[in-house]
Amino acid sequence: MLSADTTTPGPASDLDIRIVNIYGLRFDRQWMIIDHNNKLVTQRTMPKLVFVKPQLIFNDPNDPRSN
């Protein structure tokens, strides 16, 4: 079941809408950055990650967020 939360986003997010599924926010914590040894890289070990701004590109013609 999907639902949308249209509340005002916090400072770490500029989303207009949040999709929630049975696991929580859609796409949240489904990705990670790894180094050349396949080890997890975190902002704690690499503070410059604070400047990374991920972007999802939707190519589904049925998804209203697709261009």
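Among the elements of the protein chain, which strand has the lowest mean pLDDT and which the highest? Keep that question in mind as you look through these views of a predicted model.

**View 1. The whole chain is built from strands, with confidence that varies along the way.** Let's start with the overall picture. The protein chain has zero helices and five strands, so its elements read β-β-β-β-β when you begin at the N terminus. Now for the opening question: strand β1, covering residues 3–5, has the lowest mean pLDDT, 44, while strand β5, covering residues 40–41, has the highest, 93. Across residues 1–10 the pLDDT stays below 50, and this stretch has 20 contacts in the model beyond near neighbours in sequence. For the protein chain as a whole, the mean pLDDT is 74, and 67% of the residues reach 70 or more.

**View 2. The surface of the protein chain.** Take a moment to look at the outside. The protein chain exposes about 6,700 Å², and carbon and sulfur atoms supply 57% of that area. Of its 67 residues, 10% count as buried. What share of the contacts with a separation of 6 or more comes from residues 24 or more positions apart? In the protein chain, that share is 13%.

**View 3. A hairpin links strands β2 and β3.** Here you can follow the chain as it passes from one strand to the next. Strand β2 spans residues 18–21 and strand β3 spans residues 24–25. The two pair in the antiparallel sense, over two bridges. The hairpin between β2 and β3 runs through two residues. To see the strands facing each other, find Asn21, which stands opposite Gly24 in β3.

**View 4. Met32, Ile34 and Leu40 make a nonpolar patch on the surface.** Together, these three residues have about 320 Å² of accessible area. Ile34 belongs to strand β4, which covers residues 33–34. Is Ile34 exposed or partly exposed? Ile34 counts as partly exposed because its relative accessibility is 40%, a value between the 20% and 50% cut-offs.

**View 5. Asn38 and Lys39 sit in the loop between β4 and β5.** Finish your tour with these two residues. Asn38 has a phi near 60°, a positive value in a residue other than glycine. Because its relative accessibility is 58%, Asn38 counts as exposed. Lys39 is exposed too, with a relative accessible area of 53%. Which residues does Lys39 touch, not counting those up to four places away in sequence? Lys39 touches Ile33 and Ile34; you have already met Ile34 as part of the nonpolar patch with Met32 and Leu40.

Technical notes: Residues numbered from 1 in each chain as written. Predicted model: local features only at pLDDT ≥ 70, side-chain atom pairs only at ≥ 80, totals over all residues. Heavy atoms only, no water. Patch = residues over 30% accessible without salt bridge, like charges linked within 9 Å, V, L, I, M, F, W, Y side chains within 5 Å. Areas by Shrake-Rupley, 256 points an atom, 1.4 Å probe, with all protein chains shown as cover. Salt bridge = Lys/Arg side-chain N within 4 Å of Asp/Glu carboxyl O. Helix = DSSP H or I, 4+ residues; strand = E, 2+ residues; numbered from the N terminus. Buried < 20%, exposed > 50% of the residue type's maximum accessible area, 1.4 Å probe, protein only. Contact = heavy atoms within 4.5 Å. pLDDT = per-residue confidence, 0-100. Pairing = 2+ DSSP bridges.
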